[in-house]
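User: I would like to learn how to read a protein model. Can we go through one together, feature by feature?

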Amino acid sequence: MAVPWEEHFRQALQEKLPNPYRKIPEQNADHFPPVLRLLEKRRELADADQGLRAQKEVFQTTMAALKQRREQLEQKEQELKGSLVRFDKFLQDAEARRSCALRRAAEERHQASRQEAEVLRLRAQLGELQRERARLQRRLRRLEPCARLLGQVLEQLPQFQEVPELVARFDALADTQAALRLTERQRLGELEEARARLQRLRDTGQDELLRQGQRRAQLLERLEEARERRLHWESKWVQIQNTAAEKTLLLGRTRMSALNLFQLVCQHQRQPPALDIDDTEGQLEQVKLFILDLSAMLASLPQAKPAALAP
């Protein structure tokens, strides 16, 4: 509640109670002696006190009634809550029962549809069996002459006691013949495959022989070319050796000539040879210097003296 009941009744009581501090009107103050005024005050206080007690009793009674009413309301509220809980539980149970009923109905419908499909399948199977029975009966009527013939054959073959034995023997012979034919076809297939493989090997061998012959011819050509190159380079090597020998001989002659020139220069200069015999370059350098000096000396002489100085 927005406003408590105690506060409401307290406000109402304060409005109804007389104010003990309210002053008596001044116009009556002069008419009453002090004793009477005191008695009047006590009477008013007693009346006020009695009114307060009465209102307090009324207030307490009202509060008790309100408390009882509140307890009753709380009890009803708890009962309503319990009722709501039970109602919710009832609704949940009802929903669960409804869901179970719907599932059972769906399962029953599905089972009914399955049973109907099974019935249709069995009817179709029955029709198929009936047609097969009719076909077998027609075949039996067609095979009756064969049965009579088998009976006559069985009478002529005493080693067979029953027709199924004769039929089994015939089936065994037929299976054996089929197996032999199959084996023969397999052997013929293997033979054809072997012939084809042999022909491929022959063709491959001939091709390989042709390739080997071509390779042999190529190798022979390369061998001949290698031989020609060997002869060519052998002749080149002989030529190089001959040229080297000639060059070596020429070098020896040149060195000997350089040594002779160097010795002549040393004799002309009246000096002993100061260089090694193998130092051909130094010897040539000395000869060169001697020739240059000699040329300079000849160039510095007058024109008439060269003839006199000539050896």
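User: What percentage of the residues of the chain count as buried?

Analyst: Note first that this model is predicted. Burial is judged residue by residue. A residue is buried when its relative accessible area is under 20%. Here the chain has 311 residues, and 5% of them count as buried.

User: And the surface? What area does the chain expose, and what share do carbon and sulfur atoms supply?

Analyst: The exposed area is about 27800 Å². Carbon and sulfur atoms supply 58% of that area.

User: Next, the fold. How many helices and how many strands are there?

Analyst: Count each kind of element, then read their order. This chain has five helices and zero strands. Along the sequence, the pattern reads α-α-α-α-α.

User: What share of the contacts links residues 24 or more positions apart?

Analyst: Look at contacts with a separation of 6 or more along the chain. Of these, 36% join residues 24 or more positions apart.

User: Let me zoom in on one helix. How many residues has helix 4, and how far does it reach?

Analyst: Helix 4 runs over residues 280–300, which is 21 residues. From first C-alpha to last, helix 4 reaches 30 Å. That is close to the 30 Å expected at 1.5 Å a residue.

User: Which residues of helix 4 are buried?

Analyst: The buried ones are Thr-280, Gly-282, Gln-283, Val-287 and Phe-290. Check where they point, too. They cover an arc of only 165° around the axis, so they sit on the same side of helix 4.

User: Which exposed residues does the face turned away from that buried side carry?

Analyst: That face of helix 4 carries the exposed residues Glu-281, Ala-299 and Ser-300.

User: Now cysteines. What is a disulfide, and how many does the structure hold?

Analyst: A disulfide is a covalent bond between the sulfur atoms of two cysteines. This structure holds zero disulfides. You can still ask how covered a cysteine is. Cys-100 is partly exposed, at 27% relative accessible area. Cys-266 is buried, at 7%.

User: Why does Cys-266 count as buried?

Analyst: Its relative accessible area is 7%, and buried means under 20%.

User: On to charges. How many salt bridges does a search of the whole structure find?

Analyst: A salt bridge pairs a side-chain nitrogen of Lys or Arg with a carboxyl oxygen of Asp or Glu. The search finds twelve salt bridges. Take Arg-98 and Glu-95, whose closest N and O atoms are 3.6 Å apart.

User: Where do Arg-98 and Glu-95 lie?

Analyst: Both belong to helix 2, residues 34–156. They are three residues apart, about one turn of the helix. Glu-95 is partly exposed, with a relative accessible area of 43%.

User: Which residue forms a salt bridge with Arg-195?

Analyst: Glu-192 does, with the closest N and O atoms 3.5 Å apart. The two lie in helix 3, residues 163–269, three residues apart. Both are partly exposed: Arg-195 at 49%, Glu-192 at 47%.

User: What N to O distance goes with the salt bridge of Glu-193 and Arg-197?

Analyst: The distance is 4.0 Å. Glu-193 and Arg-197 are four residues apart in helix 3, so about one helical turn separates them. Glu-193 is partly exposed at 48%, and Arg-197 is partly exposed at 40%.

User: Last, a loop. Where does Glu-162 lie?

Analyst: Glu-162 is in the loop between helix 2 and helix 3. Glu-162 counts as partly exposed, at 48% relative accessibility. Now compare sequence distance with distance in space. Glu-162 and Gly-151 are eleven residues apart along the chain, and their C-alpha atoms are separated by 8.8 Å.

Terms used:
Residues numbered from 1 in each chain as written. Predicted model: local features only at pLDDT ≥ 70, side-chain atom pairs only at ≥ 80, totals over all residues. Heavy atoms only, no water. Buried < 20%, exposed > 50% of the residue type's maximum accessible area, 1.4 Å probe, protein only. Contact = heavy atoms within 4.5 Å. Areas by Shrake-Rupley, 256 points an atom, 1.4 Å probe, with all protein chains shown as cover. Disulfide = S-S within 2.5 Å. Expected span 1.5 Å × (residues − 1). Arc of directions from axis to C-beta.
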